[in-house]
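Trainee: Hi! Could you go through this structure with me?
Mentor: Happy to. Let's bring it up and take your questions as they come.

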Amino acid sequence: MEQTIGIGLLGAGTVGGTLVRRLVGESSSIAAKTGLAFDVRRIGVRDATRPRDFEVGAGILTEDTQSVVTDPSVDIVVEVMGGLDPAGDLILTALRAGKPVISANKELIAARGPELISAAAEAGVPFLFEAAVGGGIPIIRPLSETLAGESIDRVLGIVNGTTNYILSQMDDEGAGYADALAEAQRLGFAEPDPTADVSGADAAAKAAILASLAFGTWVGSDDVYYEGITSIDADDIAFAAGFGYRIKLVAVCDRTDAGVNARVHPMLVPEDHPLAGIRGATNAVFIEGPAIDSLLFSGPGAGGDPTATAVLGDVIDAARETLAGAQVAPRIRFGNGHIVPFEEIPTEWYVRLVVDDQPGVLASIASEFGKAGVSIRQVWQEDVDDRASLIIVTHGSLESEQRTAIDSLKGIPEVHDVASVIRVLGPET
Ligand code: HSE
């Protein structure tokens, strides 16, 4: 016999609207597969008069978002409004009232995850967020459940489709950053205000969540160092390709005996690495562990339908738990692991310098690297008029040592420009 579950939705943008349409339009196939029927009973929005691309009965759309979480006919709350406020307090209210909550809000989870997860645990209800990272890619459940027994060492992710699209365009078309961004905006891959994506902030929130789940140590958004792609130059894309690398914005989460770390920055990725082949707006997460060796998850990281599929899976999961009637044990716990500061993490660097092409310049540069404790692996030179582009790839050294070397290069009179500094996914890091 079908059971009907009341849904309260917070937010009705691209994902929320798609979810409503699918809960109605695909109700028979969902019921056939799960034995569950869903009824959207309240939808909290900022402007209830705005035209929508879905139809619901009178009074369901409301600007009173609090009423969505307190309505007794709402059994499960789905938060797809985004942002920290009022989403966080609405979710806490719902959880404390004993309602399961599904959220796609990576910014909120990366900022207040332990508080929300504890509130759910105290209430004995699920708090699920499969859609928060990687859109339609199943990655939260694999990390927190399927791989709970694996000692994951490292997670590498391409978790922002906008930046991967821009970098792929620069690579494929030889386009500059500004032109590739404009094209991404024209095609709807990039937001009119792309700051959160191109600055790396969106990927940093996702890296915080991935690291926390992979290592069982809470890593919040404030713990994640990030850099975006705004200073990536078409020349670097071309040089990197010539040396057998693709430039990607990579979320790196790793665990060593010293502790855990998560960071986001552009990287030269060797072209035979699985992440190098992830093109366009596609996302991918590459997981390494001693027993599984490596796993690659890839697919659409954004968009109404893929993200709504992830939300629907959580809604069905939460509905099954609710109907089972038992107190739900928390699926995630965090220990007290140490977060290693980024400065203490070994990194390898690609450095492009514009220098005078004259005797002794390379020796001065090499000397500064040496004094900082950084060993050089490879050097290329390309003459440009009376100057030269000098490209140096280093061995692994602490991030702090690499930064010291770069700072001291700026003091050499023959070094006119430290044009680019990009980390490398190399053999030692
Ligand atoms: N704006 C993100 C992206 C999707 O471009 O991947 C939502 O996190």
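Trainee: Which atom of the ligand does the side chain of Asp-197 sit by?
Mentor: A nitrogen atom of the ligand, with a polar side-chain atom of Asp-197 at 2.9 Å from that nitrogen. Keep in mind that this is a predicted model.
Trainee: And what about Asp-202 and the ligand?
Mentor: There the partner is an oxygen atom of the ligand, and a polar side-chain atom of Asp-202 lies 2.9 Å from that oxygen. Lys-106 also has a polar side-chain atom by a ligand oxygen, at 2.6 Å.
Trainee: How much of the ligand does the protein bury?
Mentor: The protein buries 80% of the 260 Å² that the ligand exposes when taken alone.
Trainee: Which elements give two or more residues to that shell?
Mentor: Those are α7 and α10, the latter spanning 201-215.
Trainee: Can you list the residues around the ligand for me?
Mentor: Sure: Lys-106, Asn-160, Gly-161, Thr-162, Asp-197, Asp-202, Lys-206 and Ala-302. By class, the shell has 4 charged, 3 polar and 1 nonpolar.

Trainee: Switching topic, how many cavities of 30 Å³ or more are there?
Mentor: The structure holds 3 of them. The largest has a volume of about 230 Å³, and the second largest holds about 40 Å³ of space.
Trainee: What lines the largest one?
Mentor: Its lining has 19 residues, and those nearest the centre are Phe-127, Leu-128, Phe-129, Arg-331 and Ile-332. In the lining of this largest cavity, 13 residues are nonpolar, 5 charged and 1 polar.
Trainee: Which element gives the largest share of that lining?
Mentor: That is α6, with 4 residues. At least two residues each come from α5 (106-123), β6 (127-128) and α6 (140-146).
Trainee: And which residues line the second largest cavity?
Mentor: Leu-167, Ser-168, Asp-171, Ile-237, Arg-246, Ile-247, Lys-248 and Arg-279. That lining divides into 4 charged, 3 nonpolar and 1 polar. Both α7 (161-173) and β9 (245-256) supply at least two residues to the lining of the second largest cavity, and α7 also gives two or more to the ligand shell.

Trainee: Last thing: what domains does the assignment give?
Mentor: Domain 1 is made of 3-135 and 304-324, domain 2 covers 151-300, and domain 3 runs over 342-424.
Trainee: How far apart are the C-alpha centres of domain 1 and domain 3?
Mentor: Those two centres lie 51 Å apart.
Trainee: Great, thanks!

Definitions and conventions: Residues numbered from 1 in each chain as written. Predicted model: local features only at pLDDT ≥ 70, side-chain atom pairs only at ≥ 80, totals over all residues. Heavy atoms only, no water. 1 Å grid on protein atoms, 1.4 Å probe; cavity = no way out; pocket = protein on both sides within 12 Å on 5 of 7 lines; lining within 4 Å. Points joined across faces, edges and corners; volume = space filled by probe spheres on them. Nonpolar A, V, L, I, M, F, W, Y, C, P; charged D, E, K, R; others polar. Domains from an automatic or database assignment. Near = heavy atom within 4 Å. Polar contact = N/O pair within 3.5 Å; in protein donor to acceptor, adjacent residues only side chain to side chain. Areas by Shrake-Rupley, 256 points an atom, 1.4 Å probe, with all protein chains shown as cover.
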